[in-house]
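This report describes how strands and nonpolar residues are arranged in one protein model. Please look at the sequence and structure shown next.

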Amino acid sequence: MHRIKIIVYGLFPTLLSTCASCCPTQYITGCDFEEDQLREYPQGMLRNQMFLSNLVTVLSDLGGQLEIEVVGADSIKGLILSARYGLGNGPAVIIGKKVFKGEDIDLDEVKQYLSLLMESSSEAAV
């Protein structure tokens with residue numbers, strides 16, 4: 001059974017805080033020091049970060065068949081994806097050739113699409 005690659009595109013905060021002197025953590029983990037640091041970012045980036053957090057939570061129900069790659073809109077790969085799919089600044093989820101984009105991406109629709117892909121790949125394996 002092969003893994004399904006998901007690219008999550010957007011302009012996200014590049015926050016890294018320290019909970020303890022030996023423990024750098026990324027912003028998804030929920031460390032207390034992060035709130036102060038997050039207030040410094042524009043609302044659009046915070047909305048994208050919340051979208052990313054919600055997406056990972058929704059997709060965690062689907063198990064280990066998923067390979068999630070987060071690509072910043074301000075990276076070289078992000079620029080290439082933006083040009084290829086016409087993405088702009090808003091968030092996007094790219095699964096194969098299917099692109100979900102815009103501020104109002106329905107996470108249930110993304111999950112349903114992935115479930116169909118997983119079903120068809122498991123049937124093909126049988």
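How many bridges join S1 to S4, and do the two run parallel or antiparallel? The model is a predicted one. In it, S1 and S4 run parallel and are joined by 7 bridges.

## Strand S1 and its partners

In the pairing of S1 with S4, Ile4 stands opposite Leu66. S1 also pairs with S5, here in the antiparallel sense and over 4 bridges. Val8 stands opposite Val93 in that strand, S5.

S1 is largely enclosed by the rest of the structure, because 6 of its 7 residues are buried.

## The nonpolar cores

The largest nonpolar core has 19 residues. The members that touch the most others are Ile6, Leu55, Leu66, Val93, Ile95, Val110 and Leu114. At least two residues of this core come from each of strand S1 (4–10), helix H2 (43–59), strand S5 (92–95) and helix H4 (107–125). H2 gives the most, with 5 residues.

Val110 shows some of these links in detail. Apart from neighbours within four places in sequence, Val110 is in contact with Leu55, Val93, Ile95, Phe100 and Ile105. A second core, separate from the largest, has 8 residues, among them Ile7, Tyr9, Leu81 and Leu87.

## A nonpolar surface patch

Val56, Ile68 and Val70 make a nonpolar patch of about 200 Å² on the surface. Ile68 belongs to strand S4, which covers residues 66–72. The relative accessible area of Ile68 is 36%, so this residue counts as partly exposed.

Terms used
Residues numbered from 1 in each chain as written. Predicted model: local features only at pLDDT ≥ 70, side-chain atom pairs only at ≥ 80, totals over all residues. Heavy atoms only, no water. Core = buried A, V, L, I, M, F, W, Y, C linked by side-chain atoms within 4.5 Å. Buried < 20%, exposed > 50% of the residue type's maximum accessible area, 1.4 Å probe, protein only. Contact = heavy atoms within 4.5 Å. Patch = residues over 30% accessible without salt bridge, like charges linked within 9 Å, V, L, I, M, F, W, Y side chains within 5 Å. Areas by Shrake-Rupley, 256 points an atom, 1.4 Å probe, with all protein chains shown as cover. Salt bridge = Lys/Arg side-chain N within 4 Å of Asp/Glu carboxyl O. Pairing = 2+ DSSP bridges.
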